[in-house]
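The following exercises are to be worked with the sequence and the model at hand. Each task is followed by a solution in steps.

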Amino acid sequence: MLNENGVLTMLDRGITINWDDGPTLHKITAQVRYHTGKSATAQLLRVNATQPYSDEPLTFRQTDRVLQAIWVWHTRGAGWSTQLTLTNICEEDVYVDALEMLRIDSAYGGVFNLGAPPGLWRCARESEAERNGAPAWEAWAETTASAGGFVRTHTLMVQPSVSNRSRPPAVLIAVNGNTAQLPVEMRLECSGERFERLTVRSRADGTLVGAGAMLASAELWIASGDDPEELRQWAQRAASENAP
């Protein structure tokens, strides 16, 4: 069933989502990767969760001399959604490489905890047909493509085969297809014993953003529960409710 006992808080300069008897996602941040016409050197505009710019919805704003980034979080029933939008506030053209609307990095204190080491994790496949309503899984293994983790384009659902929780918890991160103007890459990096980082980004690949123009990432939905099929149905309902 869906875990409706999740709490989103601001902690350690990031967003933390903790589900009772479920997963913990700690120190979620966002950032924009870009460069200008004067320099091909990559620049970063990092967005932390310190002082909210607005509470309804929960919104954070970060600005440098070139860009303004707005990071928004909404409650979506038993889960949440997040989206990152930028505006060019300078007089020159800016070339945006990626909008990373969700990032957890263990090197900076980030945590992605399912109550089991990554060697026991499995990730639902996107391309294979489901059987009897159950997802097809890709398990972590040192000798396969999953040795460095898992990569997806529209739905990342991870669940351990066993866990120290009452039942193995699954985390679902899904793209709202109505908002995906840019291709999305979801990359969960880990070894058999250690989580390294999770990055979910809209790939802009050098998209030109002129003075005063805006560019938005895809919107993400985030939820948890112990039934993967119920999580899929939750995402489908969210998609239909947010269809234009």
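In which strand is Lys-27 found? Lys-27 is found in strand E3. Helices (H or I, at least four residues) and strands (E, at least two) are DSSP runs, numbered from the N terminus. The model is a predicted one, in which local features need pLDDT of at least 70 and side-chain atom pairs count only at pLDDT 80 or more, whereas totals for chains, interfaces and linings use all residues. Residues are numbered from 1 along each chain as its sequence is written, and side-chain values use heavy atoms, with hydrogens and water left out.

**Exercise 1. Describe the chain as a whole.**

Step 1. Count the elements: the secondary structure comes to one helix and 19 strands.

Step 2. Compare the radius of gyration with the globule rule (C-alpha atoms; 2.2 Å times the number of residues to the power 0.38). A compact globule of 244 residues would have a value near 18 Å, and the chain, at 18 Å, agrees with this. The C-alpha atoms fill a box of roughly 55 × 40 × 35 Å along the principal axes.

Step 3. Assess burial, where buried means under 20% relative accessible area, exposed over 50% and partly exposed in between (1.4 Å probe, protein chains only). Of the 244 residues, 51% count as buried.

Step 4. Examine contacts, that is, heavy atoms within 4.5 Å. Among those with a separation of 6 or more, 61% join residues 24 or more positions apart.

**Exercise 2. Identify the backbone features at Lys-27, Asp-21 and Pro-57.**

Step 1. Lys-27 has phi near 65°, a positive value in a residue other than glycine.

Step 2. Asp-21, likewise not a glycine, has a positive phi of about 55°. Its place is in the loop between strand E2 (14-19) and E3. Asp-21 is partly exposed because its relative accessible area is 40%.

Step 3. The peptide bond from Glu-56 to Pro-57 is cis, with omega near -5°. Pro-57 occupies the loop between strand E5 (54-55) and strand E6 (58-63).

**Exercise 3. Establish the surroundings of His-35 and Thr-82.**

Step 1. His-35 belongs to strand E3 (residues 24-36). With 18% relative accessibility, His-35 counts as buried.

Step 2. Look for polar contacts (a pair of N or O atoms within 3.5 Å; within protein, one must be able to donate a hydrogen and the other to accept it, and residues adjacent in sequence count only if both atoms are side-chain atoms). The side chain of His-35 makes such a contact with the side chain of Asp-97, at 3.2 Å.

Step 3. Thr-82 lies in strand E8 (residues 79-88) and, at 1% relative accessibility, is buried.

Step 4. The Thr-82 side chain has a polar contact with that of Trp-71 at 3.0 Å. A polar atom of the Thr-82 side chain also lies 3.1 Å from the backbone oxygen of Val-72. Beyond four places in sequence, the residues touched by Thr-82 include Met-101, Ala-218 and Ile-222.

**Exercise 4. Which residues does Asp-226 touch, not counting those up to four places away in sequence?**

Step 1. Locate the residue: Asp-226 lies in the loop between strand E19 (220-225) and helix H1 (228-241).

Step 2. List the partners: Asp-226 touches Met-1, Gln-159, Arg-167 and Pro-168.

Step 3. Inspect Met-1: the side chain of Asp-226 reaches the backbone nitrogen of Met-1 at 2.3 Å.
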